[in-house]
Amino acid sequence: MGSLSPLEKTRLTVDVELHRGSFRLGINFQAGAEILILFGPSGAGKSTLLNMISGLVKPDAGEIIFDGVTFFRKHRPGININLAARKRRIGYVFQDYALFPHLTAVENVAYPLWRQKDADSKAAMLLKKLGIAHLGNRYPHELSGGQKQRVAIARALAPDPKLLLLDEPFSALDLSLRERLQSDLSALQSESGLVVICVTHNLEDMFTLGDRLAVIQNGNLDQIGQVEEVFNSPVNHQVASTLGIQNLFQARVVDSRANGIVLEWDGLYFEAPFQPVKVGELVTAYIRAEDIKVLYPDMQLNKAVSHNQVAGANPPCQWP
Amino acid sequence: MNWQALLLSLQVTAVASVLIFVFGLALALLFARKHFPGRLIAETIVTLPMVLPPTVVGYYLLLFLGQGGPIVGWLRVHVLFTWQAAAVASAVAGLPLMVLSAQAAIANVDPALENAARGLGSSEPGVFFRVTLPLARRGVLAGLLLGSARALGEFGATLMVAGNIPGRTQTMPLAIYDAVQTGRYDLANQMVLLMTALAFMGLWWVRRIEQPKRPQTPPPGDVKEQRS
């Protein structure tokens with residue numbers, strides 16, 4: 001488990017150790033041309049891990065190799081290496097965007113293309129690709145959170161990186177934009193064979209974007225594998241509770257229409273928003289606990305809840 | 001009007017301002033971004049001229065620039081009682097104001113932005129000139145103006161290291177002192193008014209730079225994410 005499928009070639013090898021006071025981080029994984037999701041509670045070391053890969057934080061020991069170039073090596077066989085962040089050519093979308101406040105959107109995107117002839121046109125093209133071409137001359141404080149996020153993504157893509165690090169890249173976007181950028185990112189990844197490492201807390205991101213999922217807790221990588229595999233068989237209770245796995249079930253797609261799909265689970269039918277799945281396919285679905293409403297017999301049924309009604313017979317629930 | 005003194009003052013202040021800018025910026029960056037043993041002591045020493053009597057600063061400069069000091073001993077350069085000595089004295093007096101203001105401004109720049117610049121391929125000088133300095137520009141400019149204004153008004157230390165030689169080292173503040181001593185109050189009045197006007201303009205400019213911009217209101221309709 002955790003290894004790449006045989007078709008994929010290892011592009012990125014990360015093996016790092018870091019001690020900061022009582023916090024100890026020791027993480028070891030490989031990634032190929034894929035989207036690897038990092039998931040874990042705050043303070044688990046996800047952002048620190050991205051910073052170490054990008055060269056902004058120096059590990060105490062370990063080795064980071066990407067496409068045959070050693071970014072970092074210490075206390076490992078071979079000479080010590082710590083390649084400067086600027087020479088690693090990594091695209092990095094920071095959690096708080098880190099846009100330069102004294103530069104306009106287009107100048108921000110053109111920043112990594114300094115002294116390149118086509119910098120401005122390339123920056124404008126990237127903004128267009130992200131649907132914010134009309135905002136090129138605005139300063140970051142004149143942009144909304146989602147617009148800033150898109151500028152940050154455009155800026156990270158500007159130098160044509162082969163490795164893309166994303167720290168909660170879609171957190172400030174609304175649903176429609178989020179879905180569009182998710183598919184854009186997936187397309188970009190497969191198109192240019194990028195290695196993408198993405199920190200997210202969002203289950204949708206995880207399932208639509210992620211090829212593989214790594215669960216990080218307390219500075220350790222507890223589990224790595226295909227997203228569905230990690231969800232279906234978490235190695236331990238901690239991973240399961242970190243993932244917030246609740247009400248996960250295997251359902252069969254019984255109908256697929258433009259406005260939605262219908263899932264069947266053990267004789268119960270559920271409506272769900274449209275997703276590209278085939279009729280007859282067995283899929284993993286979940287219902288968020290907070291989405292479940294209990295209807296009391298003596299209260300009138302809310303009109304809003306006109307579908308997905310399951311008569312709960314209140315069976316005795318045995319939780320392992 | 002004592003034009004000679006005015007020209008000399010401007011010359012001394014110009015040279016002192018260059019010294020203040022270069023050394024002040026380097027020290028401000030060092031103090032704001034690097035943690036090294038003895039930093040607190042170094043910061044204190046640089047700001048000492050602000051509170052020491054100018055004669056004490058002048059005395060140290062005499063030791064530093066004069067016979068037996070490192071400038072004469074190592075570099076074989078004799079600057080005492082020249083306008084260059086006045087420029088050095090003015091620079092030392094103005095330096096703390098520049099360092100304090102620029103250091104605060106640089107410390108205010110989010111290190112995450114500098115890290116982002118590094119990740120986007122900037123070298124350390126690139127990070128400084130393309131990110132840190134533009135973002136700290138208000139504090140740096142305010143510090144330079146304050147330091148230059150202080151340099152223009154330097155009196156005590158200048159008197160000790162450069163003397164009061166009309167036409168050679170007699171700057172405006174010294175010329176005013178001379179004019180009062182010799183009872184030429186009309187000349188003193190003119191120079192006092194000019195000095196006041198220059199100082200006023202300098203400080204007014206500093207205030208203007210440091211004044212916060214009008215609160216930015218996001219353009220209408222853009223507060224919420226646009227659906228595209």
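1. Let me start with A:Met206 in this predicted model. Setting aside neighbours within four places in sequence, A:Met206 is in contact with A:Ile37, A:Phe39, A:Thr200, A:Leu213, A:Val227 and A:Phe231. A:Met206 is also one of the residues that touch the most other members of the largest nonpolar core, which has 47 residues. That group also includes A:Leu213, one of the contacts just listed, along with A:Val109, A:Leu127, A:Val151, A:Leu164 and A:Leu243.

2. Which helix gives this core its largest share? Helix α4 of chain A (residues 145-157) does, with six residues. Apart from this core lies another of 43 residues, and A:Leu25, A:Val195, A:Ile197 and A:Leu221 are among them. As general background, nonpolar side chains tend to be buried together in soluble globular proteins.

3. A few overall figures for chain A may help you here. Its secondary structure comes to eight helices and 15 strands. Of its 320 residues, 46% count as buried. Among contacts in chain A with a separation of 6 or more, 61% are between residues 24 or more positions apart.

4. Do have a look at the aromatic rings as well. Over all chains, the count comes to seven aromatic pairs. One case is A:Tyr92 with A:Phe94: the ring centres are 4.1 Å apart and the planes stand at 15 degrees, so this pair is stacked. Are these two residues buried or exposed? Both A:Tyr92 and A:Phe94 are buried.

5. Moving to chain B, the second largest pocket holds about 660 Å³ of space. Its lining has 26 residues, and those nearest the centre are B:Leu61, B:Phe64, B:Val88, B:Val92 and B:Leu95. By character, the lining divides into 25 nonpolar residues, one polar and no charged. Where does the lining come from? In chain B, α1, α2 (39-47), α3 (54-65), α4 (70-75) and α5 (83-107) each supply at least two residues. The largest share, seven residues, belongs to α5(B).

6. My last point concerns helix α10 of chain B, residues 172-181, whose buried residues are B:Met172, B:Pro173, B:Leu174, B:Ala175, B:Ile176 and B:Ala179. What do they pack against? Their partners are α1 (3-33), α8 (137-152), α9 (156-162) and α11 (185-210) of chain B. Helix α1 of chain B thus appears twice in this note, as a packing partner of α10(B) and as a contributor to the pocket lining. After α10(B) comes B:Gly183, with a positive phi near 75 degrees.

Conventions:
Residues are numbered from 1 along each chain as its sequence is written. Chains are lettered from A and ligands numbered from 1 in the order in which they are written. This is a predicted model: local features need pLDDT of at least 70, side-chain atom pairs count only at pLDDT 80 or more; totals for chains, interfaces and linings use all residues. Side-chain values use heavy atoms; hydrogens and water are left out. Buried means under 20% relative accessible area, exposed over 50%, partly exposed in between (1.4 Å probe, protein chains only). Helices (H or I, at least four residues) and strands (E, at least two) are DSSP runs, numbered from the N terminus. Contact means heavy atoms within 4.5 Å. A nonpolar core is a set of buried Ala, Val, Leu, Ile, Met, Phe, Trp, Tyr and Cys residues joined through side-chain atoms within 4.5 Å. On a 1 Å grid over the protein atoms alone, a cavity is a set of points where a 1.4 Å probe fits but cannot get out, and a pocket is an open set with protein on both sides within 12 Å along at least five of seven lines; lining residues have an atom within 4 Å of a point. Grid points are joined across faces, edges and corners, and a volume is the space filled by probe spheres set on the points. Ala, Val, Leu, Ile, Met, Phe, Trp, Tyr, Cys and Pro count as nonpolar, Asp, Glu, Lys and Arg as charged, and the others, Gly among them, as polar. Rings of Phe, Tyr and Trp (its six-membered ring) pair if their centres lie within 6.5 Å; planes under 30 degrees apart count as stacked, over 60 as edge-to-face and the rest as tilted.
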